[in-house]
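Hi everyone, thanks for coming along. I'd like to walk you through a few spots in one model, so let's put it up on the screen.

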Amino acid sequence: MRTHHLAASALTLLLCLLLCGCATAPSRKHALLLASGDEGYYWKNLIEGAQDAAADNGWELNVQILSPEEDVSQALSDADGSADLIALATVSETDLFVSDLATPVALLGTYCNTLSPVYSIYDTTMMGNTTGGNFRKFFGLQKNVLLVVDRAEYALRNRFLEQVGAQGTRILRVVDANQTPKAMESEIIQTLAVNPAIDSIICTTQNGTCAALRAVERYGRFVPILGADFNQEIAQGIYDGTIRASIVRNSYAYGYMGIENAIRILCGQGIAETR
């Protein structure tokens, strides 16, 4: 009987220790990544970078993929309070109608002038320089350009003009990339129809590149394209010769550095050195 009492006491003590341990163990922090696209290497690498950064810093990360038609502002509002950090990676979203978010927000490869993020990683200056250099290489100079560009990327446009403007290349028309691919496609076709002098197209987003490729195919007049990022449709366009080149951004770094530095800031630490 004494043995039974000792065993029961030991079991009770073990349960108490386990329960106390569970009660005092710190819970893992949780981040949510809202991404507006999941096709192609850009998005795959960005998401992978964000996941790796969260794991390396002991955080959990959930990923929610938004379709191009979904309301990003509504998705942000719905997600508010559901995580310790919300990371936003959109194709080309600059006007977010949200206010008083309780959850810190990080912007990964995204620019937004209506949010105050805890951390943002976005570099249009380097992209503009790269675009200008590749345009000279693959297209030459003295061209009349249709630019399919995000409204946020004015720095890219200015850098591009610095690279090629002095040699006679002009931006004749601009199509806003901050719309659905179908809307972009229709606007590009209309723009080409009323501007026969356009002899080249530059796109700064993956969706814009695909929209331009479809528009050129539908319009029936060959206009070479300098694109951005990469997926199977862009690969086929390069193979067919319509897309002369596509500039692939380091989206893994956007995801990794964006999440890592946002976590470090929230934990009261400094920004990590560039990897």
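**A walk along the chain**

Let's start with Asp 71, which is partly exposed, with a relative accessible area of 49%. Before we go on, please keep in mind that this is a predicted model. If you're looking for Asp 71, go to the loop between strand S2 (60–65) and helix H3 (72–79). Which residues form a negative surface patch with Asp 71? They are Glu 69, Glu 70 and Asp 78.

Now step into helix H3, where you'll find Val 72. Is Val 72 buried or exposed? Its relative accessibility is 8%, and since buried means under 20%, Val 72 counts as buried. Val 72 also has a partner from elsewhere in the sequence: Leu 34 is 38 residues away along the chain, yet the two C-alpha atoms are separated by 8.5 Å.

Next, a backbone point for those of you who like torsions. Most residues other than glycine have a negative phi. Asp 229 is not a glycine, but its phi is positive, about 70°. You can find Asp 229 in the loop between strand S9 (225–228) and helix H8 (232–240). How much of Asp 229 is accessible? The relative accessible area is 1%, so this residue is buried.

Moving on, we come to the loop between strand S10 (243–247) and helix H9, and here I'd point out Val 248. With a relative accessibility of 49%, Val 248 counts as partly exposed. Its C-alpha is separated by 9.3 Å from that of Gln 206, and those two residues are 42 apart along the chain.

That brings us to H9 itself, covering residues 251–266. How far does H9 reach from its first C-alpha to its last? The helix has 16 residues and spans 22 Å, close to the 22 Å expected at 1.5 Å a residue. H9 is also mostly covered, with 12 of its 16 residues buried. Among the buried ones are Tyr 254, Tyr 256, Met 257, Ile 259 and Ile 263. You'll also see Glu 260 and Asn 261 on the buried list, along with Ser 251. The small residues Gly 255 and Gly 258 are buried there too.

One last stop, just after H9: Gly 268 takes a positive phi, of about 80°. Set that beside Asp 229, which has its positive phi although it is not a glycine.

That's my tour, and I'm happy to go back to any of these spots if you'd like another look.

Technical notes. Residues are numbered from 1 along each chain as its sequence is written. This is a predicted model: local features need pLDDT of at least 70, side-chain atom pairs count only at pLDDT 80 or more; totals for chains, interfaces and linings use all residues. Side-chain values use heavy atoms; hydrogens and water are left out. Patches are made of residues with over 30% relative accessible area and no salt bridge: like charges are joined within 9 Å, nonpolar side chains (Val, Leu, Ile, Met, Phe, Trp, Tyr) within 5 Å. Accessible areas come from the Shrake-Rupley method with a 1.4 Å probe; for residues, only the protein chains shown count as cover. A salt bridge is a side-chain nitrogen of Lys or Arg within 4 Å of a carboxyl oxygen of Asp or Glu. Lys and Arg count as positive and Asp and Glu as negative; His and the chain ends are not counted. The place of a charge is taken as NZ of Lys, CZ of Arg, CG of Asp or CD of Glu. Helices (H or I, at least four residues) and strands (E, at least two) are DSSP runs, numbered from the N terminus. Buried means under 20% relative accessible area, exposed over 50%, partly exposed in between (1.4 Å probe, protein chains only). The expected span of a helix is 1.5 Å times one less than its number of residues.
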